[in-house]
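Subject: Structure handover

Hello,

Here is the structure I promised to pass on to you. Have a look at it first, and then read my notes below.

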Amino acid sequence: MCIHDIYFDHGATTPTRPEVVAKMLPYFGQFYGNASGVYRLARESRRAVEEARGIVAKAIGAGEKEIYFTAGGSESDNWAIKGVAYANKQKGNHIITTKIEHHAVLHTCKALEKEGFEVTYLDVDAYGKISLDELEKAITDKTILITIMFANNEIGTIEPVAEIGAIAHKHGVYFHCDAVQAVGHVPIDVEKMQIDMLSMSAHKFSGPKGIGALYIRKGVRLNNLIEGGAQERNKRAGTENVPAIVGMAEALRLAVEEMDAHTQQLIRMRDRIIHEILENIPYVRLNGHPTDRLPGNVNLSFEYIEGESLLLSLDLKGIAASSGSACTSGSLDPSHVLLAIGLSHEIAHGSLRITLGYENTDDDIDYLFSVLPEIVNRLRMMSPLYEEVLKGEKK
Ligand SMILES: *Cc1c(COP(=O)(O)O)cnc(C)c1O
């Protein structure tokens, strides 16, 4: 980049930390051995992978043998859901999820519906939370899997994960949790929360892209997704991506170590943005839960504005943000998450997601405040609807 952008899109991906890159580098040109080899060079690769596995396991309270490396969050979600569905067909064909999942979960469920599985998509309330009552009522004797996200990638709402785990286990149903937005950002304990499978992805916590993991509780019955060699104890084929695995573990180790400090800083900056904008710009609403939300997530709807125009104007000022999720951009449909929390199409279209990272500063936020009100005002002046509103106010 030749310009210095202010990066407010950490929910889409994060810059890889320099310490992480440094830790990865030797595993490209120096320790490049295939971890399956029988010579010394391979042993170093194998040692590094197993050390990384231990670090990742510890970060979520899992056992080392319960962590399987994958190519990222989407693969982990596909594996957990399809793997359990195919392996437990005799027991039942019913899956429970929510209307606000990431597409890696929603589209996987849709694909399974075409194969004869039945899926219940739970509603959420105005804050994006599921109802535990509705969850329990949705369980039948055919239910084999509950898949519900830890924290939503668009509006940041954190679901009552431990309570979901308790309900799942009471009924003998597996619980998969897409925790891609949560790992490295909020404390997670798969034992206390009774999670059976958990998806994570390194590039959402300052690690490299294309590497993730699926935690699979010992004893869970699921089929393989990627067949081939005997890697990952015969469960996930493919030569181990050693540099990425090492980078993922280092990023997660640092994220857990620094979590308390980062959380404090992020919540302060997040709430500063929310309060300042709600106070100074009219016709704006906050999406997501006011307190049970990811530390770095701000999601606002600006009435009488197109979110895309807002993003383009911010981009011209050197600010990178998003509307809804990156996957939704490019399509004309408003975000399924914003519709699920009850927003009208018009209001959903005027949404802005700002996701902060630990390297953001108050100067970044001051700069945002210095350009945003003018942009919002200019865009609204082009809206015929807003003209009507102004006339109404004068009366
Ligand atoms: C980013 C994301 C994914 C997909 O992860 P990738 O590593 O990009 O495949 C899945 N679920 C959620 C909630 C995400 O935020």
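**What surrounds the ligand**

Ser201 has a polar side-chain atom 2.6 Å from an oxygen atom of the ligand, which fits the cut-off for a polar contact (a pair of N or O atoms within 3.5 Å; within protein, one must be able to donate a hydrogen and the other to accept it, and residues adjacent in sequence count only if both atoms are side-chain atoms). Before going on, please note that this is a predicted model, in which local features need pLDDT of at least 70 and side-chain atom pairs count only at pLDDT 80 or more, while totals for chains, interfaces and linings use all residues. Residues are numbered from 1 along each chain as its sequence is written, and side-chain values use heavy atoms, with hydrogens and water left out.

Two other side chains also reach ligand oxygen atoms through an N or O atom: that of Ser74 at 2.7 Å and that of Lys204 at 2.8 Å. The ligand taken alone exposes 380 Å², and the protein buries 86% of that (Shrake-Rupley method with a 1.4 Å probe; for residues, only the protein chains shown count as cover).

There are 13 residues around the ligand, and Ser74, Asp178, Gln181, Ser201 and Lys204 come nearest (a residue is near if one of its heavy atoms lies within 4 Å). The shell divides into two nonpolar, eight polar and three charged residues. Helix α4 (residues 73–87) gives the largest share, three residues (helices are DSSP runs of H or I, at least four residues, and strands are runs of E, at least two, numbered from the N terminus).

**A histidine in a loop**

His289 sits in the loop between β9 (284–286) and β10 (297–302). Is His289 buried or exposed? With a relative accessible area of 14%, His289 is buried (under 20%; exposed is over 50%, partly exposed in between, with a 1.4 Å probe and protein chains only). Its side chain reaches the backbone nitrogen of Asp292 at 2.9 Å. Leaving aside residues up to four places away in sequence, His289 touches Tyr127, Lys129 and Thr157 (heavy atoms within 4.5 Å).

**Cysteines**

Searching the whole structure gives zero disulfides (a pair of cysteine sulfur atoms within 2.5 Å). Why does Cys109 have no bond to Cys177? Because the sulfur of Cys177, the closest cysteine sulfur to that of Cys109, is 14 Å away, too far for a bond. Cys109 is buried at 0% relative accessible area, and Cys177 is also buried, at 0%.

Best wishes

Note on methods: Ala, Val, Leu, Ile, Met, Phe, Trp, Tyr, Cys and Pro count as nonpolar, Asp, Glu, Lys and Arg as charged, and the others, Gly among them, as polar.
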